[in-house]
Amino acid sequence: MKIKSLTASILILAASAASAAAPQIKELNISYVKPPFVLQLLVMKDRQMLEKEFEKEGIKVNWHNMGTSPEAARAMGAGSLDIAGNMNTAAVLMLNSEGLPVRILTGTAHPTSNFAIVSKPGTHLTIKDLKGKQVVGPKGTFLHQLLVAALEKEGLKESDVQFINMGIPKALSAIMAGRADAALVASSALIKANKSGAETIVNADGLVEPTLVMTTTQKFAEEHPDIVKRVSKVYKEALQWMKNNPDQTAEMGAKEHGISVENAKTLIERSHYFDKMTQKDVNDLRVNEKFLKDNGMMRNPVKVEELVLPLAFE
């Protein structure tokens, strides 16, 4: 017990020393993304909840619109982004595998039904029909993982299709213009694709378990633990505001994504928003790590238990 107590004390002192050594930040750079329909970020941004939280310290909050997890990762690696408001755990695993220590500070959503592969309007394709055809979508994401899993289930490999890397908005445009046979889409893009005649070939149900999270770098978490803790607190307040104001939340989402309020409510229901990480989420990380390694999407092993900050379980 004494050894454990001493170890805990050393860790606390180390964290305190790192925090003390780091200068007080003047700006907080945080990203948000539209495609996965993580409305907590929209609520935080539009209601200026972070700005109010850090107003007394004079900390300026800069919001950056970043379309994909890899884009946010590049910004974090360059030191121009402190917190990625939304990142899929497949990206978290791959980033850590490549030496960028990204840490999860809170969960955001489990949007299984909101991730899908759709076919070009006017076609009725199955996964097997995709062999030799052009499929567009964001690489290194759960949608990419969904494609690999769906192909694998039918005895196919990623190399059996012509996969072209592009963000969700461009992928949607490509399929609507008939420049691709299938596209990987999510949330409002899925709604728009279906409304325009692009049929859903398959969604993530039973194939992959998408977990979306808010992340920061290990360095930022160690140097500014109070900032990270307060961002997590504000995120939870935004989630509670959404629960207390469902109609207003749906209206905000509909306006931001250019869809009807009813469609926004459908996406909200499918998103399964959450904050506290659980052991199941950690177990899912291990399952995803195996999948990514088995399919050549991840080179080096990681210590999964180190990827989630203790704060994320609170």
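A residue here counts as buried if its relative accessible area is under 20%, as exposed if over 50%, and as partly exposed in between (1.4 Å probe, protein chains only). With that in hand, here are the views.

**View 1. The whole chain, a predicted model in which 53% of the 314 residues count as buried.**
This is a predicted model, where local features need pLDDT of at least 70, side-chain atom pairs count only at pLDDT 80 or more, and totals for chains, interfaces and linings use all residues. Residues are numbered from 1 along each chain as its sequence is written, and side-chain values use heavy atoms, with hydrogens and water left out. You'll find 13 helices and 10 strands in the protein chain; these are DSSP runs numbered from the N terminus, with helices (H or I) of at least four residues and strands (E) of at least two. Along the principal axes, the C-alpha atoms fill a box of roughly 65 × 45 × 35 Å. The radius of gyration is 20 Å, which agrees with the value near 20 Å for a compact globule of 314 residues; it is taken over C-alpha atoms, and the globule rule is 2.2 Å times the number of residues to the power 0.38. Contact means heavy atoms within 4.5 Å. Of the contacts between residues at least 6 apart in sequence, 80% join residues at least 24 apart.

**View 2. An open sheet of 5 strands, in the order E7-E6-E8-E5-E9.**
Strands pair if DSSP finds at least two bridges between them, and in this sheet the pairing is mixed. E7 and strand E9 (200-203) sit at the edges with a single partner strand each, so one side of each has no neighbour in the sheet. From one strand to the next, the twist averages 25 degrees; axes are lines fitted to C-alpha atoms (for helices, over the stretch in contact), and angles run from 0 to 180 degrees between N-to-C directions. Strand E5 (residues 115-119) and E8 run antiparallel, joined by 5 bridges. One detail to look for: Ser119 has Ala182 in E8 as its bridge partner.

**View 3. Val136, with a partner in E7 and another in E8.**
Strand E6 (residues 134-137) runs parallel to strand E7 (residues 162-165), with 4 bridges between them. E6 also runs parallel to strand E8 (residues 182-186), this time through 2 bridges. Pick out Val136: Ile164 in E7 stands opposite this residue, and so does Ala183 in E8.

**View 4. Helix H6 (residues 142-153), part of a right-handed β-α-β unit with E6 and E7.**
Right-handed means that, with the strands pointing away from the viewer, the path from the first strand over the helix to the second runs clockwise. Is H6 mostly covered or uncovered? It is mostly covered, with 10 of its 12 residues buried, among them Phe142, His144 and Leu151. At 1.5 Å a residue, the 12 residues of H6 should span 16 Å, and the end C-alpha atoms are indeed 16 Å apart; the expected span is 1.5 Å times one less than the number of residues. Just after H6, look for Gly155, which takes a positive phi of about 80 degrees.

**View 5. Two helices lying across strands that include E5 and E8.**
Helix H7 (residues 168-176) lies across E5, E6 and E8, at about 140 degrees to E8. Helix H8 (residues 187-195) lies across E5, E8 and E9, at about 130 degrees to E8.

**View 6. Asn114, in the loop between strand E4 (102-109) and E5.**
Is Asn114 buried or exposed? Its relative accessibility is 0%, so Asn114 counts as buried. Leaving aside neighbours within four places in sequence, Asn114 is in contact with residues including Val185, Ser187, Leu190 and Arg270.

**View 7. Another open sheet, in the order E2-E1-E3-E10-E4.**
Its 5 strands have mixed pairing. Strand E2 (60-65) and E4 are the edge strands, each pairing on one side only, and the twist averages 30 degrees from one strand to the next. Strand E3 (residues 83-88) runs antiparallel to strand E10 (residues 212-217), joined by 4 bridges; Ala84 has Thr215 in E10 as its bridge partner. Helix H10 (residues 225-244) lies across strand E1 (27-32), E3, E4 and E10, at about 10 degrees to E4.
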